[in-house]
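Here are three short exercises to work through with the model open beside you. Try each task before reading its solution.

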Amino acid sequence: MANNQEISNVLSKIWLMDENRCVNGVDYEIDMQGYLRSTRVKQDRANYNFFEWMSDEVFQRPTYKSFLALLDNYEMKTGIPETVTKEEENENRRFIDAIMETKVMRLAHDFLVQQQKAPNDEMQFKKFVYDIWFKTYRRTHGNRSRDSSGFEHVFVGEMKGDEDILGLHNWIQVYLQERKGLINYRGYYKWGTEDSDDPRLVAVNFSLGDAEKPIGSSFMGTSPELEMAFYTICYLVSPSAVVTANLEDGLVVDINVHKIGPNLGSAYPSKHRDR
């Protein structure tokens, strides 16, 4: 089993290898606006959208395009069984095919093979990744239906009743939901957000309809393949629920991974704070 330093090292290499990374001010632009002092006090410190704009060119890139096709395949409310059609299965496979063409996922695969945590054969590895991310399972206690998956929770988001947003740790999904007028951005937390003109990690507060996300932490500008690589590695190799990684220019993050039984329950980044 790899230790935290070994995992941190490979995550740092993958981070620098992300050729499909987007840049604030070039591919999109965000407006952080006011910061929130506490999660305990309900405030709205933002009069405008979080995203000012995003270039349509971003969604023409193969991994982004195939990622986009997956986001409307889910019923966000927990407790409602997911029905996966044949076309949706094919979309899932096309996405995995696309990310496996990138250096990011190839390095992740090599590392997992070295750690004896994944099959060496590429076709077997693709099926392995499919099962980790797209295999459905029961999230709601007492519910017998398969209402969730790792991909749905992390990248799409789920709603528990009408009040709570679960998951949704992906910047692209936040942009798309805000563009539809569904997300109301309220501000950011200084303790969870990188101080930079091109922040790579944010902790924000938003609502989706009547449901709230008091703290939503996510990478910014990272490609779908990078997040898939990070979370897959940490899920399979990490001996604990948190991996601390020193990525670049003093950006130190914790990758948090939680399991529900043997399944990937949640995965998200947060700014490292000495505990």
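**Exercise 1. Overall build**

Task: Find how many helices and strands the chain has, and work out how its radius of gyration fits the globule rule.

Solution: Start with the elements: this predicted model has eight helices and 11 strands in its chain. Next, take the radius of gyration, which is 18 Å. For 275 residues the globule rule gives 19 Å, and the two values are close, so the chain is as compact as a globular protein of that length. Finally, look at the extent: the C-alpha trace spans about 50 × 45 × 40 Å along the principal axes.

**Exercise 2. A pair of helices**

Task: Decide how helix α4 (residues 103–114) and helix α8 (residues 224–237) are oriented, and which residues make their contact.

Solution: First, the two axes come within 9 Å and cross at roughly 10°. Angles under 35 degrees count as roughly parallel, so α4 is roughly parallel to α8. Now list the contact: α4 brings V104, M105, A108, F111 and L112, while the α8 side includes L226, M228, I233 and L236. Sorted by class, the contact has 11 nonpolar residues, one polar and one charged.

**Exercise 3. The largest pocket**

Task: Describe the space in the largest pocket and its lining.

Solution: Begin with volume: the largest pocket holds about 280 Å³ of space. Its lining has 13 residues, with W191, I215, S217, Y268 and S270 nearest the centre. The elements giving two or more residues to this lining are β8 (211–219) and β11 (263–271). By class, the lining divides into four nonpolar, five polar and four charged residues.

Key
Residues are numbered from 1 along each chain as its sequence is written. This is a predicted model: local features need pLDDT of at least 70, side-chain atom pairs count only at pLDDT 80 or more; totals for chains, interfaces and linings use all residues. Side-chain values use heavy atoms; hydrogens and water are left out. On a 1 Å grid over the protein atoms alone, a cavity is a set of points where a 1.4 Å probe fits but cannot get out, and a pocket is an open set with protein on both sides within 12 Å along at least five of seven lines; lining residues have an atom within 4 Å of a point. Grid points are joined across faces, edges and corners, and a volume is the space filled by probe spheres set on the points. Helices (H or I, at least four residues) and strands (E, at least two) are DSSP runs, numbered from the N terminus. Ala, Val, Leu, Ile, Met, Phe, Trp, Tyr, Cys and Pro count as nonpolar, Asp, Glu, Lys and Arg as charged, and the others, Gly among them, as polar. Axes are lines fitted to C-alpha atoms, for helices over the stretch in contact, and angles run from 0 to 180 degrees between N-to-C directions. Angles under 35 degrees count as roughly parallel, over 145 as roughly antiparallel, 65 to 115 as roughly perpendicular and the rest as oblique. Contact means heavy atoms within 4.5 Å. The radius of gyration is taken over C-alpha atoms; the globule rule is 2.2 Å times the number of residues to the power 0.38.
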